[in-house]
Amino acid sequence: MKRHKDKRRIIKMSTRKKVHTYVRVKPTDEFAYEMITFGEDNKSIDIHIKKDSRRGIVNNQQTDWSFKLDGVLHDASQDCVYDTVAKGVVAQALDGYNGTIMCYGQTGAGKTYTMTGTTENYKHRGILPRALQQVFRMIEERPTHSITVRVSYLEIYNEALFDLLSTLPYVGNSDTPMSIVESPQGIFVKGLSVHMTGREEDAFSLLFEGETNRIIASHTMNKNSSRSHCIFTIYIEAHSRSLSDEKYITSKINLVDLAGSERVGKTGSEGQILKEATYINKSLSFLEQAIIALGDRRREHVPFRQCKLTHALKDSLGGNCNMVIVANVYGDATQLDETLSSLRFASRMKLITTEPSINEKYDAERMVKNLEKELILLKQELAIHDSLANRVMVTYDPMDEVQIAEINSQVRRYLDGSLDEIDIINLRQVQEVFNQFRVILSQQEEEVEASLRKKYTLINKNDFATITTVHKAGLVDVEGNTVGETDGQGFGLGVAPFSAKPGKKGKFKKTFRDITGTSTKKEGLLSPVSAKDIDSLSTSRSQLLSSSKEADVKDAPSHDREASSSEPVVSDSPKEDSRTTRPGTPPPKPSAFEEFKNERGSEINRIFKQNKTILNDRRKKASETAQRINSIKKEIDTTKEALDVQKTFREEQGEYENKGLMIMDEEEFLLILKLKELKKQYRGEYQDLRDLKAEIQYCQHLVDQCRQRLLTEFDIWYNESFLIHEDVQAPLKAKGSIRLGLLPLSKLTSLVRLKMMRINLAKSKHQSSLTVPTRSLSTMPE
């Protein structure tokens, strides 16, 4: 149950306490002493019935019940009932605690008599008039406080709200229907009139006016049966007469007289009375459901809005108030079933815990006046302190424009170096100095931006349309980097990015990205890339390169071809790359690996990152699914425990069958449905977890393949670019069985050099045979 906090309210929490429950037995000449007995401490009641012999030998009928309460009122006077039940609640209401007193029971059991009493005899007056009398007497005992009392009288008849004090001449008629509204301050009824009462006589007049407007009827069990639920509320507001105390307290007392539950078979109701009985029993059933939910700490939702009665009593049932319930029962043996039902309701109410707290608020007008006085005193103390410290011309008022301009001038001179220190006298100057620093900084930023805009055109890198336009103009590359931007490691020399190098590599890179991007869009952005796709990308690189070169040659003008023929062409083939100047010492592998990932291995690296992102996403989903499965499992165990408790309780009470079908209460049936739904959710989540684990295993395999391929390609590229000599690379570029990456570098170098020696030896033999004269052939040995 959620509780709203009022910003103007300070609530001092106290200890939790149980709802006080009392039982008042209606006096009768035919009291069933054999069936109803009271404990020695007068705080328990025992019920005993004889077994029905007509059920046979095997008879599990329950015959004994025992109920522990806070008190049993048997043959008690109205004075005793009020002192025991209501006197403490009303006394604490004057201290700021809310209170609720409720009478519940069977029709004709004495609820209205307990709450309002009778008008024929002064001694027989009930809780309500006695509470009003106590409130006004306690007000007279507190001359230091100005206490205001207001009252209202609400009737709930057939699920409709009525104001019992609307018949007064000064209460205007309203066409708007009454409704229950929830606010941070609590529950209130819109359209219900609230009347101020300055005297005890005025309060009694309002009470009698409301009583005459109540709806009553007659049936076989009660000649004056109340056909509606009535709530009489006393609102109390106490202000201290001392103007220095801005706090005040508010409280309210709800005195609830419920309509009695009826069994149509006993009352013989018909027509309109039967309709009223239906509404009464329905609302009391909803009240009992709300009480059961409040007593169960595991329940998060309490069904307050099922009927008008529970909705109107939402902040009274289990809220921050002192609550007392009086269960009125019969002492006759013929009404024993209804007596057991009322006692069960009282025992359930005893399980509810409340948190009574003082409702304190602040008077805004008094608070402002007190703060103004405190401000004057603080200024006087500061003036005395300044005079003792020989500080003159010190003011604590807000600064004017002249003072702010002077501080701005001092800050500018301090930044220029012409002023060593800024004079600080009070806290306002410190704050204003920092404010002027902020103002000057923002002005300088605007000046720098304006000067840059005059010389350059600023481009937002997140604006893709502008980046595309500038790229077409040749100012930036595909990635949005400016051509010739510095690397921060040399003497300010520009380093062109990969896409801006001579040759056709930039166009090849764009073409390759377009192809891979198109295929990615077709297959889905979050689908993992397999090792076959990586092989196809690496093998088709040379084909894409050659095709792009041919397209460039076809599209180029004739004068571009002539110009290109006169200049050396830089090729992308390994043979021509080897002719470029190589560094004296190979770079470190970490930096070389980063360069490789940005250039030659960019596509494999992109696929590796994509697969790794998909793998992490699947792992995250699997973790969330496992957490949901664990929470569902815990909820299943909790529901099973609650269901076992319900089954045990049903077995103890005795199982009922109707035509071979087991009859269970609503709570056990709801637990069975909840358990079935939780098991269904558990199976579904478990299947999802199995599917996710299979996907994770597949994605992990692809990530490992991509990682291995990336490292293999890097080793080949690193050896080719920095370690293997040009003479060694020449035989490898020709078509043969030896390729980079198949053998270690040392063995590869030795094998290639041996092959070169054989080739050179064969060439030298061939040349020597060509240079020998023909006349010496005969002298050569055979």
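**Group meeting: aromatic pairs and a helix crossing**

Okay, let's start in helix α21, residues 666-723, where Y682 and Y686 sit four residues apart, about one turn of the helix. Keep in mind that this is a predicted model.

So, what about exposure? Y682 comes out at 28% relative accessibility, so partly exposed, and Y686 is partly exposed too, with a relative accessible area of 42%.

Now the rings more broadly. Searching the whole structure turns up 11 aromatic pairs. Take F204 and F208: how are their rings arranged? The centres are 6.3 Å apart and the planes are at 20°; the cut-off for stacking is under 30 degrees, so this pair is stacked. F204 and F208 are in helix α5, residues 200-212, and because they are four residues apart there, about one helical turn separates them. F208 is partly exposed, at 45% relative accessible area. Back to our two tyrosines, Y682 and Y686: they're a stacked pair as well, 6.5 Å centre to centre with 10° between the planes.

There's also a cluster, with F593, F596, F714, W717 and Y718 linked by ring pairs. Y718 has something else going on: the charged end of K589 sits over its ring, 5.4 Å from the centre. Over at Y122, it's R125 whose charged end sits above the ring, 3.9 Å from the centre.

Last thing, helices α11 (residues 401-416) and α12 (residues 427-455). They pack at about 65°, axes 9 Å apart, and the crossing is right-handed. On the α11 side you've got residues including I404, V411 and L415, meeting a set in α12 that includes V433, F437 and I440. By class, that contact has eight nonpolar, four polar and two charged residues.

Key. Residues numbered from 1 in each chain as written. Predicted model: local features only at pLDDT ≥ 70, side-chain atom pairs only at ≥ 80, totals over all residues. Heavy atoms only, no water. Axes fitted to C-alpha atoms, helices over the stretch in contact; angles between N-to-C directions. Helix = DSSP H or I, 4+ residues; strand = E, 2+ residues; numbered from the N terminus. Left-handed = near helix turned anticlockwise from the far one by under 90°. Contact = heavy atoms within 4.5 Å. Nonpolar A, V, L, I, M, F, W, Y, C, P; charged D, E, K, R; others polar. Phe/Tyr/Trp six-rings, centres within 6.5 Å; stacked < 30°, edge-to-face > 60°. Buried < 20%, exposed > 50% of the residue type's maximum accessible area, 1.4 Å probe, protein only. Lys NZ or Arg CZ within 6 Å of the ring centre and 35° of its normal.
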